[in-house]
Amino acid sequence: MFINLLRFRFKDSVSEAERAQALEAITRTAKSEAVSFSVVGRDLGNPADGFTHAYCVGLADLSALRRYFDEPLHRAGDLLFLPRVGRLWRMALTDDADPALGEKIQAMHAEKMAGDPEWAALLAAIPDLQLQG
């Protein structure tokens, strides 16, 4: 199992309607066929951390992760969501014992970014971005 956890905050300039649209878009992404389970909602961490929302998906294996990355619904959701995010922190977790799993996932991510410059640019434009794992 591979877990992708995002904690985020929208830009101050994003309206409530735009926030709602972005949350609807990533909720649709979280319901893609490749996802085993998901949670999209409020971040209950320390308010001093500056996050207001969270997104978590569980993916069964690398094959599911590939399908999730390649899902047109995922790209469409990100194109609506990413421009509205002011702060994003990502963490990945797994129970898979493969010592090379992190490198395999990073290679998939790099391939996605190289193959979709628009998506990569939107991710890179987030003012406060931290990617771990």
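Where does M1 lie? Select M1 to begin: this residue sits in the segment before β1. The model on screen is a predicted one.

**Stop 1: the N terminus**

M1 has a relative accessible area of 32%, so this residue is partly exposed. Now show what surrounds M1. Leaving aside residues up to four places away in sequence, M1 touches S36, F37, G58, L59, A60, L93, T94, D95 and D96. For a distance to check in the viewer, take M1 and Y68: these residues are 67 apart along the chain, and their C-alpha atoms are separated by 13 Å.

**Stop 2: F2 in strand β1**

Move on to F2, which is found in strand β1. Is F2 buried or exposed? F2 has 6% relative accessibility and therefore counts as buried, the cut-off being under 20%. Its C-alpha atom is 4.6 Å from that of T94, although 92 residues separate F2 and T94 along the chain. T94 is also one of the residues that F2 touches, residues up to four places away not being counted. The others in that set are V57, G58, L59, L65, R90, A92, L93 and I105.

**Stop 3: the whole chain**

Zoom out and colour by secondary structure. The protein chain has five helices and five strands. Read from the N terminus, the elements run β-α-β-β-α-α-β-α-α-β. The C-alpha trace spans about 40 × 30 × 25 Å along its principal axes. For 133 residues, a compact globule would have a radius of gyration near 14 Å, and the protein chain agrees with this at 14 Å.

Which share of the 133 residues counts as buried? The figure is 40%. Among contacts with a separation of 6 or more, 75% are between residues 24 or more positions apart.

Switch to a surface view. The protein chain exposes about 7,000 Å², and 57% of this area is supplied by carbon and sulfur atoms. Colouring by charge will mark 15 positive and 19 negative side chains. The centres of these two sets lie 4 Å apart.

**Stop 4: R19 in helix α1**

Return to the cartoon and select R19, whose place is in helix α1. The relative accessible area of R19 is 19%, so this residue is buried. Its contacts, with residues up to four places away left out, are F10, K11, D12 and V14.

**Stop 5: helix α2**

Select A64, L65, Y68 and F69, which are buried in α2. Why do they share a side of the helix? They cover an arc of only 140° around the axis, which puts them on the same side of α2. An α-helix has 3.6 residues a turn, so residues three or four places apart point the same way. The cover over the buried residues of α2 includes β1, α1, β2 (35-42), β3 (53-59), α3 and α4. L65 was already met at F2, which touches it.

**Stop 6: helix α3**

Next, select helix α3, residues 72-81. Its buried residues are H74, G77, D78 and F81. Looking down the axis of α3, these fall within an arc of 100°, so they line one face of the helix. Show the elements packed against them: β1 (2-10), α1 (16-30), α2 (62-70), β4 (85-94) and α5 (117-124).

**Stop 7: V85 in strand β4**

Select V85, which lies in strand β4. How much relative accessible area does V85 have? The value is 0%, so V85 is buried. With residues up to four places away set aside, V85 touches F8, R9, F10, K11, I126 and P127. F10 and K11 are also among the residues that R19 touches. V85 and D128 are 43 residues apart in sequence, and 8.8 Å apart in space from C-alpha to C-alpha.

**Stop 8: helix α5**

Finish at α5, where W119, A120, L122 and L123 are buried. Viewed down the axis of α5, they fall within an arc of 160°, so they line one face of the helix. Which exposed residues does the face turned away from the buried side of α5 carry? They are P117 and A124. Hide these and display what covers the buried residues of α5, which includes α3, β4, α4 (101-115) and β5 (128-131).

Definitions and conventions. Residues numbered from 1 in each chain as written. Predicted model: local features only at pLDDT ≥ 70, side-chain atom pairs only at ≥ 80, totals over all residues. Heavy atoms only, no water. Buried < 20%, exposed > 50% of the residue type's maximum accessible area, 1.4 Å probe, protein only. Helix = DSSP H or I, 4+ residues; strand = E, 2+ residues; numbered from the N terminus. Arc of directions from axis to C-beta. Contact = heavy atoms within 4.5 Å. Rg over C-alpha atoms; globule rule 2.2 N^0.38 Å. Areas by Shrake-Rupley, 256 points an atom, 1.4 Å probe, with all protein chains shown as cover. Lys, Arg positive; Asp, Glu negative; His and termini not counted. Charge placed at Lys NZ, Arg CZ, Asp CG, Glu CD.
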